[in-house]
Amino acid sequence: MIDRYLKLEDAKEDSIFLFGARQTGKTTLLLQLFPESKFFDLLENDTFERMRRNPSLLRQELQDLEEGSIVIIDEIQLIPELLNEVHWLIVRKNLHFILSGSSARKLRRRGVNTLGGRAILNVLYPLVSAEIPDFDLIRAINHGMIPSHYLASENMIQKKLQAYVSVYLREEIKAEALVRNLGTFNRFMEAAAFTDGEIVNYNNIAQDCGVDAKTVKEYFAILDETLLGFMIPAYVKTVKRKVNQSPKFYYFDVALPNYLLGRRDLQPGSQDFGHSFEHLMIQEIRAYIGYTGGETALSYWHTYSGYEVDAVIGDGKVAIEFKSSQEVVSKHLKGLKAFSEEHPQARLIIVSLDSHKRIFNGVEVMPALEFLKSLWSGEVF
């Protein structure tokens, strides 16, 4: 069993929301950490139907629990009306709830009880390198970091990815009637895969999908609210160079754009491998920030003259470039050196496939596995 980084210590003192995309391991984690807690799984048909018909049953069944007891409701977004009962039980009975879900969309709708700030937000990300003994970088880039996908055999991974995407389309999109035309949304997901790790141009994607830019923005919002994608903002603090201010988009796991674009058996040396290498590193940094407090900003920097830095941490504290080259050379330093001209205090790092760590013209060159170990040891920022 994989020991997850997230321990949900807050649940011992307060109620929490636990969000995460499908199959990131939320249910497994909850059963592992709280095996004795009362557990309501809304994916079970009988539990779902019983609570949907009469949400007050939750209050009736939990009235006699001792104060401070932990109660888990899995897939809470399926019956948002239960939050009224949860609210009552928190206030009147001092129960601690863990409310997990794979979509925040229904919970953000007007009129849904959000517990008045009484529940602390936690997010479970896909696996991270620090959770995996003998972490395999090439496997992670090709399989992704969803637990069952990372561990899958080579002849099963494509089948699992196909099932994942089709289940998502069926359950999260069609079942919730989030879009009128599922075929158009499917084309959008493919177009978004081409945009993965790139600056978003809504008009270009709209033209590719045959819809307007407003619809494309709504589609991106659906990916965000169903936890299947995220945006990284531009770092806009500048001294002299004009910078692009549009966000970059990433799917939540590197395997999704790989599957949607038909990328298989990625190996160092190809352009596709380079894209996926960058995505995985961004994915790890995002998870590290989320697990360690979530207050540090992650952004990117791109000037209209063509200089770029893949990841900027905080207020220009650290600038990181990802190059899947076996050996970093002078041309790889251009973006970081341009950034340092405006932000001389920044720590400059290139993460690569170099075999040894070194300092090259004032830039730290870090092999990918060494960078990941330093990241999760808190030594990067």
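## The second largest cavity

The second largest cavity has a volume of about 30 Å³. The model is predicted. In total, the structure holds 2 cavities of 30 Å³ or more.

Seven names make up the lining: Tyr 125, Pro 126, Phe 230, Phe 252, Gln 283, Arg 286 and Ala 287. By class, the lining residues split into 5 nonpolar, 1 polar and 1 charged. Gln is the polar type and Arg the charged type. Helix 12, spanning residues 271–291, gives the most to this lining, with 3 residues.

## The five-strand sheet

An open sheet is built from 5 strands. Their order is 2-3-4-1-5, and the pairing is parallel. Strand 2 (38–41) and strand 5 (119–123) stand at the edges. Each has a single partner strand, so one side of each is left without a neighbour in the sheet. From one strand to the next, the twist averages 15°.

One pairing in detail: strand 1 (residues 15–19) meets strand 4 (residues 96–101) in the parallel sense, over 4 bridges. Here Ile 16 has Ile 98 of strand 4 as its bridge partner.

## Strand 11 and its partners

Strand 11 covers residues 347–352. How many of its 6 residues are buried? The count is 5, so the strand is mostly covered, with buried meaning under 20% relative accessible area.

Strand 11 pairs with strand 10 and with strand 13. Strand 10 (residues 318–322) runs parallel to strand 11, and 5 bridges join the two. Within this pair, Glu 321 stands opposite Ile 350 of strand 11. Strand 13 (residues 363–367) also runs parallel to strand 11, joined by 4 bridges. There, Ser 352 stands opposite Pro 367 of strand 13.

In a regular strand, side chains alternate between the two faces of the sheet.

## The β-α-β unit

What handedness does the unit made by strand 10, helix 13 and strand 11 have? The β-α-β unit is right-handed. Helix 13 takes up residues 334–342. The two strands of this unit are the parallel pair joined by 5 bridges. Strand 11 thus belongs to the β-α-β unit, and it also pairs with strand 13.

Definitions and conventions
Residues are numbered from 1 along each chain as its sequence is written. This is a predicted model: local features need pLDDT of at least 70, side-chain atom pairs count only at pLDDT 80 or more; totals for chains, interfaces and linings use all residues. Side-chain values use heavy atoms; hydrogens and water are left out. On a 1 Å grid over the protein atoms alone, a cavity is a set of points where a 1.4 Å probe fits but cannot get out, and a pocket is an open set with protein on both sides within 12 Å along at least five of seven lines; lining residues have an atom within 4 Å of a point. Grid points are joined across faces, edges and corners, and a volume is the space filled by probe spheres set on the points. Buried means under 20% relative accessible area, exposed over 50%, partly exposed in between (1.4 Å probe, protein chains only). Two strands pair if DSSP finds at least two bridges between them. A crossover is right-handed if, with the strands pointing away from the viewer, the path from the first strand over the helix to the second runs clockwise. Axes are lines fitted to C-alpha atoms, for helices over the stretch in contact, and angles run from 0 to 180 degrees between N-to-C directions.
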